[in-house]
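Reader: Could you take me through the inside of this protein at close range? I would like to hear about the enclosed space first, and then about how the helices pack.

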Amino acid sequence: MLRHTLTRLARRTPLSANLTRRCLATRTSTSSETQQQPLYEHHIPISCLERSILTVGSALAAVNNPLRGDMVATLGETTGALFLERMRDTMLQSTTGRQILRERPSITSASINLDRLRTECAIGTFGHAYVHWLDEQGVTPDTREPVRFVDDDELAYVMKRYREIHDFFHTLTGLGVSVEEEIALKWFEWVQTGLPMTMLSSLFGPWQLTWSQRHRLYTSYVPWALQSGAACKPLMNVYFEHHFHEPLDQFRKNLGLITPP
(Lines give C-alpha, C1' and ligand atoms only; values in the text may rest on other atoms or scores of the structure.)
Protein backbone atom coordinates (compact mmCIF):
# COMPACT_ATOMS: atom_id res chain seq x y z
CA MET A 1 0.00 0.00 0.00
CA LEU A 2 2.82 2.43 0.86
CA ARG A 3 4.61 1.51 -2.37
CA HIS A 4 1.41 2.21 -4.32
CA THR A 5 0.94 5.58 -2.60
CA LEU A 6 4.52 6.66 -3.18
CA THR A 7 4.53 5.46 -6.78
CA ARG A 8 1.36 7.45 -7.46
CA LEU A 9 2.94 10.50 -5.85
CA ALA A 10 6.07 10.20 -7.98
CA ARG A 11 4.04 9.71 -11.15
CA ARG A 12 1.76 12.71 -10.63
CA THR A 13 4.21 15.19 -9.09
CA PRO A 14 7.56 15.50 -10.92
CA LEU A 15 9.00 17.82 -8.23
CA SER A 16 8.77 15.05 -5.64
CA ALA A 17 9.66 12.07 -7.86
CA ASN A 18 13.26 11.77 -6.62
CA LEU A 19 12.18 11.95 -3.00
CA THR A 20 9.54 9.29 -3.38
CA ARG A 21 11.89 6.99 -5.30
CA ARG A 22 14.33 7.28 -2.38
CA CYS A 23 11.56 6.32 0.01
CA LEU A 24 10.67 3.32 -2.15
CA ALA A 25 14.33 2.29 -2.11
CA THR A 26 14.42 2.65 1.67
CA ARG A 27 11.27 0.58 1.98
CA THR A 28 12.76 -2.16 -0.18
CA SER A 29 16.05 -2.22 1.72
CA THR A 30 14.29 -2.63 5.07
CA SER A 31 11.57 -5.02 3.94
CA SER A 32 13.40 -8.00 5.39
CA GLU A 33 13.62 -6.35 8.81
CA THR A 34 11.03 -6.77 11.53
CA GLN A 35 8.25 -4.29 10.88
CA GLN A 36 5.80 -2.83 13.36
CA GLN A 37 2.45 -4.59 13.19
CA PRO A 38 -0.53 -2.55 11.92
CA LEU A 39 -2.55 -1.02 14.75
CA TYR A 40 -5.83 -0.63 12.90
CA GLU A 41 -7.44 -1.21 9.51
CA HIS A 42 -5.49 0.49 6.67
CA HIS A 43 -2.56 1.35 9.02
CA ILE A 44 0.85 1.35 7.33
CA PRO A 45 3.71 1.46 9.86
CA ILE A 46 6.63 3.51 8.53
CA SER A 47 10.07 4.44 9.82
CA CYS A 48 11.17 7.97 10.75
CA LEU A 49 13.11 8.22 7.50
CA GLU A 50 10.14 7.08 5.46
CA ARG A 51 7.90 9.53 7.30
CA SER A 52 10.30 12.39 6.57
CA ILE A 53 10.52 11.58 2.87
CA LEU A 54 6.76 11.07 2.61
CA THR A 55 6.16 14.38 4.38
CA VAL A 56 8.38 16.30 1.98
CA GLY A 57 6.97 14.53 -1.06
CA SER A 58 3.33 15.05 -0.09
CA ALA A 59 4.04 18.67 0.85
CA LEU A 60 5.53 19.36 -2.59
CA ALA A 61 2.56 17.66 -4.24
CA ALA A 62 0.08 19.59 -2.10
CA VAL A 63 1.77 22.94 -2.74
CA ASN A 64 1.80 22.17 -6.46
CA ASN A 65 -1.94 21.45 -6.23
CA PRO A 66 -3.54 22.29 -2.85
CA LEU A 67 -6.74 20.58 -4.00
CA ARG A 68 -5.08 17.15 -4.22
CA GLY A 69 -7.07 15.60 -1.39
CA ASP A 70 -4.98 12.43 -1.19
CA MET A 71 -1.69 14.29 -0.78
CA VAL A 72 -3.15 16.84 1.63
CA ALA A 73 -4.51 13.91 3.65
CA THR A 74 -1.10 12.20 3.66
CA LEU A 75 0.59 15.41 4.77
CA GLY A 76 -1.94 15.79 7.55
CA GLU A 77 -1.14 12.33 8.87
CA THR A 78 2.64 12.68 8.72
CA THR A 79 2.75 16.13 10.33
CA GLY A 80 -0.31 16.31 12.56
CA ALA A 81 0.59 14.17 15.60
CA LEU A 82 0.98 17.09 18.01
CA PHE A 83 -2.24 18.72 16.86
CA LEU A 84 -4.13 15.42 16.90
CA GLU A 85 -3.03 15.01 20.53
CA ARG A 86 -4.39 18.48 21.30
CA MET A 87 -7.66 17.65 19.54
CA ARG A 88 -7.89 14.40 21.51
CA ASP A 89 -7.18 16.22 24.78
CA THR A 90 -9.91 18.74 23.97
CA MET A 91 -12.31 15.87 23.40
CA LEU A 92 -11.30 14.28 26.71
CA GLN A 93 -12.28 17.48 28.52
CA SER A 94 -15.85 17.15 27.24
CA THR A 95 -18.43 14.58 28.31
CA THR A 96 -19.62 14.25 24.72
CA GLY A 97 -16.05 14.16 23.41
CA ARG A 98 -15.23 11.29 25.76
CA GLN A 99 -18.36 9.48 24.62
CA ILE A 100 -17.32 9.83 20.97
CA LEU A 101 -13.82 8.52 21.72
CA ARG A 102 -15.30 5.61 23.66
CA GLU A 103 -17.96 4.63 21.12
CA ARG A 104 -16.00 5.58 17.97
CA PRO A 105 -18.97 6.09 15.65
CA SER A 106 -18.38 6.06 11.89
CA ILE A 107 -20.14 8.27 9.39
CA THR A 108 -20.80 6.21 6.27
CA SER A 109 -23.74 5.27 4.10
CA ALA A 110 -23.85 2.01 6.04
CA SER A 111 -23.99 3.61 9.49
CA ILE A 112 -26.39 6.46 8.61
CA ASN A 113 -29.65 5.65 6.86
CA LEU A 114 -29.83 8.54 4.41
CA ASP A 115 -33.19 7.44 3.00
CA ARG A 116 -34.63 7.48 6.49
CA LEU A 117 -33.29 10.99 7.08
CA ARG A 118 -34.93 12.12 3.84
CA THR A 119 -38.34 10.85 4.95
CA GLU A 120 -38.25 11.51 8.70
CA CYS A 121 -36.34 14.78 9.12
CA ALA A 122 -38.59 17.80 8.86
CA ILE A 123 -37.71 20.72 6.61
CA GLY A 124 -35.48 23.12 8.48
CA THR A 125 -33.80 20.47 10.62
CA PHE A 126 -30.10 19.69 10.60
CA GLY A 127 -30.72 16.20 9.17
CA HIS A 128 -32.85 17.53 6.32
CA ALA A 129 -30.22 20.16 5.50
CA TYR A 130 -27.49 17.50 5.59
CA VAL A 131 -29.08 15.09 3.12
CA HIS A 132 -30.18 18.01 0.94
CA TRP A 133 -26.57 19.25 0.84
CA LEU A 134 -25.30 15.76 -0.06
CA ASP A 135 -27.86 15.43 -2.87
CA GLU A 136 -27.25 18.95 -4.16
CA GLN A 137 -23.48 18.51 -4.28
CA GLY A 138 -23.62 14.94 -5.57
CA VAL A 139 -21.43 13.52 -2.80
CA THR A 140 -21.76 10.71 -0.23
CA PRO A 141 -20.27 10.10 3.24
CA ASP A 142 -18.05 7.40 1.74
CA THR A 143 -15.55 9.55 -0.17
CA ARG A 144 -12.98 10.20 2.57
CA GLU A 145 -9.40 8.88 2.38
CA PRO A 146 -8.71 6.20 5.04
CA VAL A 147 -6.14 7.01 7.72
CA ARG A 148 -2.88 5.16 7.08
CA PHE A 149 0.18 6.83 8.63
CA VAL A 150 -0.87 7.79 12.18
CA ASP A 151 1.00 5.50 14.58
CA ASP A 152 -1.55 5.62 17.38
CA ASP A 153 -4.93 3.92 17.27
CA GLU A 154 -6.80 6.63 19.19
CA LEU A 155 -5.21 9.52 17.30
CA ALA A 156 -5.98 7.72 14.04
CA TYR A 157 -9.63 7.71 15.06
CA VAL A 158 -9.45 11.44 15.84
CA MET A 159 -8.18 12.06 12.32
CA LYS A 160 -10.84 9.74 10.89
CA ARG A 161 -13.58 11.55 12.82
CA TYR A 162 -12.29 14.93 11.64
CA ARG A 163 -12.51 13.81 8.03
CA GLU A 164 -15.92 12.24 8.39
CA ILE A 165 -17.56 15.31 9.97
CA HIS A 166 -16.27 17.58 7.20
CA ASP A 167 -19.63 17.40 5.39
CA PHE A 168 -21.37 18.43 8.60
CA PHE A 169 -19.19 21.55 8.59
CA HIS A 170 -20.46 22.28 5.09
CA THR A 171 -24.04 21.79 6.26
CA LEU A 172 -23.68 24.07 9.27
CA THR A 173 -21.92 26.84 7.36
CA GLY A 174 -23.93 26.47 4.14
CA LEU A 175 -20.72 26.45 2.09
CA GLY A 176 -20.60 24.40 -1.12
CA VAL A 177 -17.72 22.53 -2.73
CA SER A 178 -16.41 25.18 -5.09
CA VAL A 179 -12.69 25.90 -4.78
CA GLU A 180 -13.38 29.25 -3.14
CA GLU A 181 -15.82 27.80 -0.59
CA GLU A 182 -13.58 24.83 0.23
CA ILE A 183 -10.68 27.19 0.94
CA ALA A 184 -12.93 29.34 3.13
CA LEU A 185 -13.90 26.23 5.08
CA LYS A 186 -10.24 25.24 5.45
CA TRP A 187 -9.61 28.60 7.16
CA PHE A 188 -12.45 27.79 9.54
CA GLU A 189 -11.02 24.32 10.18
CA TRP A 190 -7.54 25.76 10.71
CA VAL A 191 -8.87 27.89 13.57
CA GLN A 192 -10.80 24.93 14.99
CA THR A 193 -8.06 22.27 14.74
CA GLY A 194 -4.68 23.87 14.07
CA LEU A 195 -3.82 21.00 11.71
CA PRO A 196 -0.88 21.92 9.41
CA MET A 197 -2.67 20.57 6.33
CA THR A 198 -5.54 23.02 6.84
CA MET A 199 -2.97 25.81 7.05
CA LEU A 200 -1.36 24.64 3.80
CA SER A 201 -4.69 24.59 1.97
CA SER A 202 -5.61 27.98 3.42
CA LEU A 203 -2.36 29.65 2.36
CA PHE A 204 -1.69 28.01 -1.01
CA GLY A 205 -5.21 27.17 -2.14
CA PRO A 206 -5.91 30.78 -3.24
CA TRP A 207 -3.37 30.30 -6.06
CA GLN A 208 -6.16 28.45 -7.85
CA LEU A 209 -8.54 31.44 -7.66
CA THR A 210 -9.11 34.43 -9.90
CA TRP A 211 -8.30 37.91 -8.62
CA SER A 212 -11.96 38.66 -7.86
CA GLN A 213 -12.33 35.36 -5.99
CA ARG A 214 -9.20 36.03 -3.94
CA HIS A 215 -10.48 39.51 -3.12
CA ARG A 216 -13.77 38.08 -1.88
CA LEU A 217 -11.94 35.35 0.03
CA TYR A 218 -9.69 37.75 1.94
CA THR A 219 -12.22 40.51 2.49
CA SER A 220 -15.26 38.38 3.37
CA TYR A 221 -14.59 34.71 3.96
CA VAL A 222 -11.32 34.84 5.90
CA PRO A 223 -12.53 37.41 8.47
CA TRP A 224 -15.66 35.30 8.89
CA ALA A 225 -13.66 32.09 9.32
CA LEU A 226 -11.37 33.60 11.94
CA GLN A 227 -14.28 35.00 13.92
CA SER A 228 -16.64 32.06 13.59
CA GLY A 229 -13.97 29.39 14.09
CA ALA A 230 -12.87 31.02 17.35
CA ALA A 231 -16.40 31.72 18.63
CA CYS A 232 -17.84 28.30 17.80
CA LYS A 233 -17.64 25.42 20.26
CA PRO A 234 -15.06 22.74 19.33
CA LEU A 235 -16.93 20.77 16.69
CA MET A 236 -14.93 17.62 17.40
CA ASN A 237 -16.93 17.47 20.65
CA VAL A 238 -20.28 17.42 18.87
CA TYR A 239 -22.12 14.12 18.41
CA PHE A 240 -23.69 15.29 15.16
CA GLU A 241 -25.58 12.04 14.68
CA HIS A 242 -27.74 12.89 17.71
CA HIS A 243 -28.87 16.25 16.30
CA PHE A 244 -30.45 15.30 12.97
CA HIS A 245 -33.95 16.26 14.14
CA GLU A 246 -32.89 19.55 15.72
CA PRO A 247 -33.80 22.81 13.91
CA LEU A 248 -30.71 23.91 12.00
CA ASP A 249 -30.85 27.54 13.15
CA GLN A 250 -31.18 26.48 16.79
CA PHE A 251 -28.31 24.01 16.39
CA ARG A 252 -26.10 26.76 14.98
CA LYS A 253 -27.07 29.08 17.82
CA ASN A 254 -26.29 26.46 20.46
CA LEU A 255 -22.87 25.90 18.89
CA GLY A 256 -22.13 29.63 18.64
CA LEU A 257 -21.59 29.26 14.89
CA ILE A 258 -21.78 32.41 12.76
CA THR A 259 -22.81 31.76 9.15
CA PRO A 260 -20.68 33.14 6.27
CA PRO A 261 -21.52 36.51 4.73
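Author: Gladly, and please keep in mind that this is a predicted model. Searching the whole structure for cavities of 30 Å³ or more turns up 1. The volume of this largest cavity is about 40 Å³. Its walls come from Asp70, Ala73, Thr74, Glu77, Glu145, Pro146, Arg148, Phe149 and Arg163. If you are wondering which helix gives the most to that lining, it is H4, residues 69–79, with 4 residues. By class, the lining of the largest cavity holds 5 charged residues, 3 nonpolar ones and 1 polar one.

From there we can turn to an open space, the second largest pocket, with a volume of about 360 Å³. A total of 18 residues line this pocket, and those nearest its centre are His42, Pro146, Val147, Lys160 and Glu164. You will recognise Pro146 from the lining of the largest cavity. The pocket lining divides into 9 charged, 7 nonpolar and 2 polar residues.

Now for the helices. A pair of packed helices is described by the angle between their axes and by the distance between those axes. Take H11 (residues 179–193) and H13 (residues 211–231): they pack at about 30°, and their axes are 8 Å apart. Angles under 35 degrees count as roughly parallel, so H11 and H13 are roughly parallel to each other. The crossing of H11 past H13 is right-handed. On the H11 side, the contact includes Ile183, Ala184, Trp187, Phe188 and Val191, along with Glu180, Glu181 and Gln192. Facing them in H13 are residues including Leu217, Tyr218, Tyr221, Val222, Trp224, Ala225 and Leu226, with Arg216 and Ser228 also among them. Sorted by class, this contact between H11 and H13 has 13 nonpolar, 4 polar and 3 charged residues.

A second pair to look at is H8 (residues 126–137) with H10 (residues 166–173), whose axes come within 9 Å and cross at roughly 110°. Because angles of 65 to 115 degrees count as roughly perpendicular, H8 is roughly perpendicular to H10. H8 brings Phe126, Ala129, Tyr130, Trp133 and Leu134 to the contact, while H10 brings Asp167, Phe168, His170, Thr171 and Leu172. Here the classes come to 7 nonpolar, 2 polar and 1 charged.

How values were computed: Residues are numbered from 1 along each chain as its sequence is written. This is a predicted model: local features need pLDDT of at least 70, side-chain atom pairs count only at pLDDT 80 or more; totals for chains, interfaces and linings use all residues. Side-chain values use heavy atoms; hydrogens and water are left out. On a 1 Å grid over the protein atoms alone, a cavity is a set of points where a 1.4 Å probe fits but cannot get out, and a pocket is an open set with protein on both sides within 12 Å along at least five of seven lines; lining residues have an atom within 4 Å of a point. Grid points are joined across faces, edges and corners, and a volume is the space filled by probe spheres set on the points. Helices (H or I, at least four residues) and strands (E, at least two) are DSSP runs, numbered from the N terminus. Ala, Val, Leu, Ile, Met, Phe, Trp, Tyr, Cys and Pro count as nonpolar, Asp, Glu, Lys and Arg as charged, and the others, Gly among them, as polar. Axes are lines fitted to C-alpha atoms, for helices over the stretch in contact, and angles run from 0 to 180 degrees between N-to-C directions. Angles under 35 degrees count as roughly parallel, over 145 as roughly antiparallel, 65 to 115 as roughly perpendicular and the rest as oblique. A crossing is left-handed if the near helix is turned anticlockwise from the far one by less than a right angle, and right-handed if clockwise. Contact means heavy atoms within 4.5 Å.
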